[in-house]
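Open the model in your viewer and keep the selection tool at hand. The tour moves from one selection to the next and says what to look for at each stop.

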Amino acid sequence: MRKSFYYLISAVVITSCSTNPYKASEKVYDAKLKTLKDQISTKEPQPLPYVAETAISIDTLYAKQLHIFKDSISKMGSTPLQNGINTEWIGTVNFNLRKPNFIIIHHTAQDSLQQTVKTFTKTETQVSSHYVISDNGKVVQMLNDYLRAWHAGTGSWGKNTDINSSSIGIELDNNGTEPFTELQINSLLALLTKLKKDYNIPAQNIIGHSDIAPTRKKDPSALFPWKILAEKGFGIWSDDFLEIAPLDFNVEQGLRIIGYDTKNLSAAVIAFKLHYIQSQVDATVDENTKNTIYSIYKKQ
């Protein structure tokens, strides 16, 4: 019995003194994690093509939230599972931050940049966006691109039902009834140029709030120049000469393949027209509407 006890003690001592075989990789993990933490903590203004840099003021609530996220991504160790097994922590050396794959464009439905910034810096509003662009072209960044803003709400695009987790939100200072200014659109184009390059975002994934939430949202309005954006490579547009859709082409199925939620087909048709047939925003599916849906469907 005493001999068994000594064997047990010896085994514990040897185990406690043994070298961690993953010490080198854990060191790499920690170094990469620090780099990523620094990356999402940056609050410096980013230069855009043809747009002056904009100073970004960060309040204490933002800093507090950021600190929480930094702590959560640093957490390592065992996690208990429901089946009684505990996970073992061994850090990999191959990882980075998740990148956005969509850009969602909104109009603020408010009357000034200052009003929107105020809305996005109050906890009770529960809404935010990565960028806000004023009608004079000023660009304000309010959240690091890698972090999740609360701009899309309940919505979907194709099978993606959590747009906030995979997108960058851009709010344009516009009440929804007035034209977008040239300065504002130029700044938007400059920002889209940077974001598309930084994250390799597909042209088809630059869409509007109304596209992902057809039953709830109408932004950006029918005055938004989607065609101009598509000509610059940000979004897609129908062919100049529309091919006649096949007789058996199913409009509902076509809209669904494009990405629209078609549970309410009338709302989906209206949202499609708000984007692609802005002179006739209604639920009517005439030949022009059917052919336009077919044109966009073919570009998927």
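How many contacts beyond four places in sequence does the model have for residues 5-9? Select that stretch: the answer is zero, and pLDDT stays under 50 along it. This is a predicted model, and a colouring by pLDDT is a useful start. Next select residues 51-58, where the pLDDT is also below 50. Here the model does have contacts beyond near neighbours in sequence, 17 of them. For the chain as a whole, the average pLDDT is 85, and 85% of the residues score at least 70.

**The whole chain**

Switch to a cartoon view. The chain has 300 residues, of which 42% are buried. Its secondary structure consists of 10 helices and five strands. Now show the surface: about 17400 Å² is exposed, with 54% of that coming from carbon and sulfur atoms. Of the contacts between residues at least 6 apart in sequence, 68% link residues at least 24 apart.

**Strand S1**

Select residues 102-107, which form strand S1. Is this strand enclosed or open to the outside? Six of its six residues are buried, so S1 is largely enclosed by the rest of the structure. Show the side chains. In a regular strand they alternate between the two faces of the sheet. In S1, Phe102, Ile104 and His106 point one way, while Ile103, Ile105 and His107 point the other way.

**The partners of S1**

Add residues 167-172, strand S4, to the selection. S1 and S4 run parallel and are joined by six bridges. To find one of these pairings, look at Phe102, whose bridge partner in S4 is Ser167. Then add residues 206-208, strand S5, which also runs parallel to S1 and is joined to it by three bridges. On this side, Ile105 stands opposite Gly208.

**The nonpolar cores**

Select Ile170 and Leu188. These two have the most contacts inside the largest nonpolar core, a set of 50 residues. Helix H5, residues 182-199, gives the most to this core, with eight residues. Centre the view on Ile170 and show what surrounds this residue. Beyond its neighbours within four places in sequence, its contacts include Ile103, Ile104, Ile105 and His106. Leu188, Leu191, Leu192 and Leu195 are also among them, as are Ser129, Tyr131 and Ile133.

For the last stop, select Ile40, Leu97, Leu147 and Ala149. They are among the six residues of a second core, separate from the one around Ile170.

How values were computed. Residues numbered from 1 in each chain as written. Predicted model: local features only at pLDDT ≥ 70, side-chain atom pairs only at ≥ 80, totals over all residues. Heavy atoms only, no water. Helix = DSSP H or I, 4+ residues; strand = E, 2+ residues; numbered from the N terminus. Buried < 20%, exposed > 50% of the residue type's maximum accessible area, 1.4 Å probe, protein only. Contact = heavy atoms within 4.5 Å. Areas by Shrake-Rupley, 256 points an atom, 1.4 Å probe, with all protein chains shown as cover. Pairing = 2+ DSSP bridges. Core = buried A, V, L, I, M, F, W, Y, C linked by side-chain atoms within 4.5 Å. pLDDT = per-residue confidence, 0-100.
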